[in-house]
Amino acid sequence: MNETYTGAIYGINGPVVYIKGKTKFKMGEMVFVGEERLVGEIISLTSEITTVQVYEETSGLKPGDLVYSSGSAIFVTLAPGIIDNIFDGIERPLKSIAEQSGIYISRGISVDSLDTEKKWNTHILLEEGQEVLGGTIIAEVQETKAVLHKSMVPPYISGKVISVKPDGDYTINDTIAVIKQENGGEYNLTLSQKWPIRVPRPFNKKHPSSVPLVTGQRILDTLFPIAKGGTAAIPGGFGTGKTMSQHQIAKWSDADIIIYIGCGERGNEMTEVLEDFSKLKDPKSGNPLMYRTTLIANTSNMPVAAREASIYTGITLAEYYRDMGYHVAIMADSTSRWAEALRELSGRLEEMPAEEGFPAYLASKLSAFYERAGYVDNLNNTEGSVSIIGAVSPQGGDFSEPVTQNTKRFVRCFWGLDKSLAYARHFPAIHWLTSYSEYLNDMAPWYDENVGPDFIPYRNQILAILNQESSLIEIVKLIGSDVLPDDQKLTLEIARVIRLGFLQQNAFHKDDTCVSLEKQLLMMKTILYLNERAKALIALNMPMSVLKESTIFDKIIAIKYDVPNDHLELFDNYITDIDNFYNEVLQKNG
Amino acid sequence: MKNMGIEYIGLSQIKGALVAIDGVKGAAYDEIVELKTDDETGTKKLGKIIEIYEDKAVIQIFEGSENLSLVNTHTRFTGHPLEFPLSIDILGRTFDGIGRPIDGLGPIEAECKRDVNGKPLNPVEREYPRNYIRTGISAIDGLTTLIRGQKLPIFSGNGLPHDRLAAQIVKQASLGDDSDEDLVVIFAAMGVKYDVAEFFKRTFEESGVLNHVVMFLNLANDPVVERLVTPKVALTAAEYLAFEKDKHVLVILTDMTSFAEAMREVSSSKGEIPSRKGYPGYLYSELATIYERAGIVTNSKGSVTQIPILTMPNDDITHPIPDLTGYITEGQIVLDRALHGQSIYPPINVLPSLSRLMKDGIGEDYTRDDHQAVANQLFSSYAKVGEARALASVIGEDELSPSDKKYLEFGKAFENRFVSQEENENRDVITTLNIGWELLHMLPKEELDRIDTKLIEKYY
């Protein structure tokens with residue numbers, strides 16, 4: 001054990017506490033403050049003053065109260081029990097807190113991060129005499145029905161197994177094997193390990209990702225896809241559906257593990273995720289979605305310093321599951337609140353502010369966070385990925401503010417939410433003109449091979465029509481749509497079909513909430529076929545007004561509701577319908 | 001408390017509402033202090049420690065520092081943060097901004113005392129709000145339904161009838177026709193004019209609910225610093241009534257803009273680094289600690305529903321106060337000057353208005369199966385009205401296409417028949433939805449792209 005030492009509080013200003021004089025504390029060390037032992041972290045050291053940021057309310061602290069060392073940096077415990085759980089920003093389980101302090105979260109509560117008494121049925125993979133390295137998988141535990149937990153040798157530890165326990169029921173702190181390290185020392189392996197949250201976990205090699213994170217959301221998968229191991233930002237003013245989009249991705253994406261970080265957001269939203277995800281079933285495995293999900297809830301009224309830490313806690317948990325060979329997706333809702341926590345603490349420390357009061361290190365902190373995403377070869381030669389999807393809440397919905405701008409520099413997918421779409425209740429309100437994805441080219445071969453060679457060309461045609469629409473709209477705004485030539489009127493009509501029938505997606509409709517890539521392809525194909533046939537009619541001088549007498553356009557829009565996800569053969573009927581429409585118009589007016 | 005009763009004489013500094021005192025022992029951060037002058041006025045004041053360094057404490061005085069001098073002041077530390085005495089007898093009473101009775105009925109016989117700062121509700125102990133509150137106002141019930149346990153602010157501007165709207169909500173709010181649960185109203189005024197406070201009081205009296213109302217009044221000429229705790233005291237009372245006495249509590253907070261202004265004033269006098277428009281960097285956190293004190297918890301039948309009112313400076317919805325509020329609250333009801341100018345009451349602009357919890361509190365089990373679809377369609381069609389109007393202002397109404405002309409008609413009718421209603425008109429949800437269908441009838445069937453074909457057949 002480390003030697004413990006203390007310092008006496010000199011001053012208190014909100015969540016920041018000062019200790020006078022030269023102390024033995026280490027930078028980044030976790031400390032316990034005052035009689036109630038509030039959790040804190042050392043954030044700056046000078047020979048005169050040591051500064052501590054406290055993760056809990058500081059009211060009631062007095063000068064002279066003691067600050068106790070812990071000897072280690074702020075860390076998380078990594079072991080079975082993380083999934084299907086809900087934690088605060090420093091990995092304290094909220095259910096255990098509730099057992100101790102009721103409906104409110106009290107201060108100075110000391111609880112274990114994970115259940116240390118529960119016995120897990122463990123299958124041990126080690127043999128005596130085996131050489132192990134950091135990352136070697138030592139045991140498997142069925143953590144939930146959906147997740148097989150693979151306990152590993154902590155990074156940077158290696159040696160030869162000198163004793164090993166048989167398969168059986170073990171707690172996370174029971175020794176299951178002992179190894180002899182090169183320096184001769186013995187090291188006890190358990191199902192758990194600790195890792196400091198601000199240090200990225202090591203891996204062998206990062207490589208560019210060519211596999212999409214399929215979300216079941218048409219505008220994302222088709223127009224602006226994100227790669228497994230990629231980074232995306234969803235910025236939008238309030239009410240534009242950031243949280244809703246995050247929920248949809250958390251529910252339906254094909255990641256193995258979801259880490260949902262509610263950073264400075266609403267308490268009711270976390271409750272909603274907790275209730276919904278326990279009821280909703282994963283379409284692939286049939287298990288409740290909570291069985292692959294971990295929630296980190298640091299709501300807006302919880303202490304601001306812990307909000308700053310919650311993002312790091314989340315990503316460390318994600319990296320741990322990545323190391324097992326899983327594909328992990330993180331929803332960070334919202335990174336702006338995290339940036340504001342930085343600003344608030346920076347203000348308390350009287351640091352020189354840069355833009356809009358944010359500290360100058362905002363950009364470097366953001367980039368360091370997003371760089372922890374990636375598709376990697378792990379130490380144990382498995383492949384895993386961490387994808388980050390960060391919501392951004394720009395003030396006044398203005399994308400030129402520092403958090404959005406700095407985030408844009410470090411993410412490769414940008415899903416810009418638009419207020420006017422949200423006002424018209426067009427959801428998801430992701431605007432097709434402001435959004436982009438830099439992953440598309442890398443992933444084109446994957447789409448060709450796994451969905452169909454037409455997918456990318458169709459996608460480009462769809463986007464082209466939408467772009468044409470936007471320039472036509474400028475003219476319509478000035479002179480009305482009646483004066484446009486018929487082929488341009490058709491472009492507007494097809495764009496309408498795309499917007500209503502394809503881009504708009506109903507999260508509350510059982511079929512429409514999540515759509516397979518195959519169906520997305522068929523929908524595009526049908527819409528573009530309609531476009532082609534209608535164009536042919538226009539070329540034969542059929543006026544648009546005649547074409548619009550048919551109900552075919554609205555019928556195509558309704559495909560998303562009328563074709564169930566497991567009856568894709570129905571698409572053939574639509575092709576026939578379009579042909580009939582073509583022939584009828586021709587017959588009647590030809 | 002070891003230093004209870006010790007009095008410190010004199011102060012080392014007075015600057016605005018902040019005073020500093022040296023040589024204190026054992027004072028705690030956030031503790032309440034009592035100050036008294038020994039001159040003939042015998043002024044008594046309350047303050048709170050906002051910064052403390054060794055033996056030097058910085059105290060924020062709620063009532064302002066007038067009459068205090070560096071030598072005449074006796075300071076006593078109470079050893080606890082600001083507390084509010086609670087019992088069921090607070091119903092029907094009126095308090096000042098920091099919770100002292102001002103109705104001349106004497107002090108409250110307290111069952112318990114609570115720290116007004118409150119504590120964050122544990123998300124796992126919350127229950128997701130699902131039951132709606134009927135307000136009898138079509139634009140709210142139909143399109144931005146208020147849910148029990150929700151925080152739904154009214155974004156207004158100076159001179160708009162937000163007070164009348166809030167009063168109408170209070171008068172008509174009902175938990176459903178067959179409910180015998182009682183609704184309690186907590187009214188917290190921060191920096192509002194005397195007339196406004198009086199208007200609410202009269203409204204409560206007229207509708208006979210006064211003995212179910214608790215009022216906290218910090219008027220425009222009351223001390224600014226006091227305003228910073230008024231909503232906290234009010235919500236402490238609300239949490240007590242809801243979570244310990246099983247009441248359904250509706251909290252009206254007006255005007256949150258004054259609260260934020262007070263924060264800016266105090267922050268700048270402390271010399272803090274400002275962020276946007278001079279507001280302190282912790283404006284979001286501070287607003288959140290207020291708004292998040294709404295909801296329903298698992299082990300209690302009660303609920304806290306908040307209707308904060310804020311006046312948007314210069315009607316600007318991107319101003320930091322409405323902006324940060326919108327990010328915390330579960331939607332917003334936005335009032336519009338143009339509608340008000342056309343004498344439409346309530347002048348609710350439905351497009352930017354939103355109720356985030358609506359989706360789970362309406363529909364077959366709560367209101368009617370077509371509710372969500374009708375609401376979506378009305379929103380979407382009314383958004384098109386805006387486009388048609390923009391076009392008409394460029395090319396003239398006569399040149400519009402027949403479909404655009406229909407939208408113009410629909411827009412007019414929507415504002416006059418759906419949004420507009422009398423101040424004492426209490427419409428039930430079915431009437432509201434039926435009006436919605438009548439309006440949608442004005443549009444061709446194929447324009448109704450947000451409604452399921454089955455529902456169209458049933459109701460169109």
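The following exercises, each with a worked solution, concern a predicted model with chains A and B.

## Exercise 1. An open sheet in chain A

Determine which strands stand at the edges of the open sheet formed by β10, β13, β15 and β16 of chain A.

*Solution.*

Step 1. The order of the 4 strands in this sheet is β10-β13-β15-β16 (chain A), and their pairing is antiparallel.

Step 2. The edges are held by β10 (131-132) and β16 (186-189) of chain A; each has a single partner strand, so one side of each is left without a neighbour in the sheet.

Step 3. For β10(A), the antiparallel contact with strand β13 (residues 159-164) of chain A consists of 2 bridges. Within that contact, V132(A) is placed opposite G159(A) of β13(A).

Step 4. As background, strands of a sheet pair through backbone hydrogen bonds, either parallel or antiparallel.

## Exercise 2. The surroundings of β11 in chain A

Identify the strands to which β11 of chain A is joined, and give the number of bridges in each case.

*Solution.*

Step 1. Strand β9 (residues 120-124) of chain A runs antiparallel to strand β11 (residues 137-142) of chain A, and 3 bridges join them. Here T122(A) has V141(A) in β11(A) as its bridge partner.

Step 2. With strand β12 (residues 148-152) of chain A, β11(A) makes 5 bridges, again in the antiparallel sense. A139(A) is partnered by S151(A) in β12(A).

Step 3. The connection between β11(A) and β12(A) is a hairpin, with 5 residues between the two strands.

## Exercise 3. Strand β6 of chain B

Establish whether strand β6 of chain B is mostly covered or mostly open, and describe how β3 and β5 of chain B pair with β6(B).

*Solution.*

Step 1. A residue counts as buried when its relative accessible area is under 20%. In β6 (residues 56-61) of chain B, 5 of the 6 residues are buried, and the strand is mostly covered.

Step 2. Strand β3 (residues 18-21) of chain B is joined to β6(B) by 4 bridges, and the two run antiparallel. One facing pair consists of A20(B) and V58(B), the latter in β6(B).

Step 3. Strand β5 (residues 44-53) of chain B also pairs with β6(B) in the antiparallel sense, over 6 bridges. I49(B) finds its bridge partner in I59(B) of β6(B).

Step 4. A hairpin with 2 residues between the strands links β5(B) and β6(B); in its turn, E54(B) has a positive phi of about 50 degrees.

## Exercise 4. Backbone features in loops

Locate the cis peptide bonds of D333(A)–S334(A) and Y345(B)–P346(B), and then examine the phi values of N381(A) and N67(B).

*Solution.*

Step 1. In chain A, the bond between D333(A) and S334(A) is cis, with omega of about 10 degrees. S334(A) belongs to the loop between β22 (327-333) and α6 (335-348) of chain A.

Step 2. In chain B, a cis bond with omega of about -10 degrees connects Y345(B) and P346(B). The loop that holds P346(B) runs between α9 (337-341) and β21 (354-355) of chain B.

Step 3. N381(A), a residue other than glycine, has a positive phi near 65 degrees. Its loop lies between β23 (374-377) and β24 (383-392) of chain A. With a relative accessible area of 66%, N381(A) is exposed.

Step 4. N67(B), likewise not a glycine, has a positive phi near 80 degrees. This residue lies in the loop between β6 and β7 (73-77) of chain B. N67(B) has a relative accessible area of 42% and is therefore partly exposed.

## Exercise 5. Two surface patches

Describe the patch that includes D195(B) and the patch that includes I479(A), and classify the accessibility of these two residues.

*Solution.*

Step 1. A surface patch of negative charge is made by D195(B), E198(B), E205(B) and E206(B). D195(B) is part of helix α3 (residues 194-206) of chain B.

Step 2. The relative accessibility of D195(B) is 56%, so this residue counts as exposed, the cut-off being over 50%.

Step 3. The nonpolar surface patch comprises I475(A), L478(A), I479(A), V483(A) and V394(B), which together have about 440 Å² of accessible area. Helix α11 (residues 455-479) of chain A supplies the largest share, 3 residues.

Step 4. I479(A) lies in helix α11 of chain A. Because its relative accessibility is 43%, I479(A) counts as partly exposed.

Definitions and conventions
Residues are numbered from 1 along each chain as its sequence is written. Chains are lettered from A and ligands numbered from 1 in the order in which they are written. This is a predicted model: local features need pLDDT of at least 70, side-chain atom pairs count only at pLDDT 80 or more; totals for chains, interfaces and linings use all residues. Side-chain values use heavy atoms; hydrogens and water are left out. Patches are made of residues with over 30% relative accessible area and no salt bridge: like charges are joined within 9 Å, nonpolar side chains (Val, Leu, Ile, Met, Phe, Trp, Tyr) within 5 Å. Accessible areas come from the Shrake-Rupley method with a 1.4 Å probe; for residues, only the protein chains shown count as cover. A salt bridge is a side-chain nitrogen of Lys or Arg within 4 Å of a carboxyl oxygen of Asp or Glu. Lys and Arg count as positive and Asp and Glu as negative; His and the chain ends are not counted. The place of a charge is taken as NZ of Lys, CZ of Arg, CG of Asp or CD of Glu. Buried means under 20% relative accessible area, exposed over 50%, partly exposed in between (1.4 Å probe, protein chains only). Two strands pair if DSSP finds at least two bridges between them.
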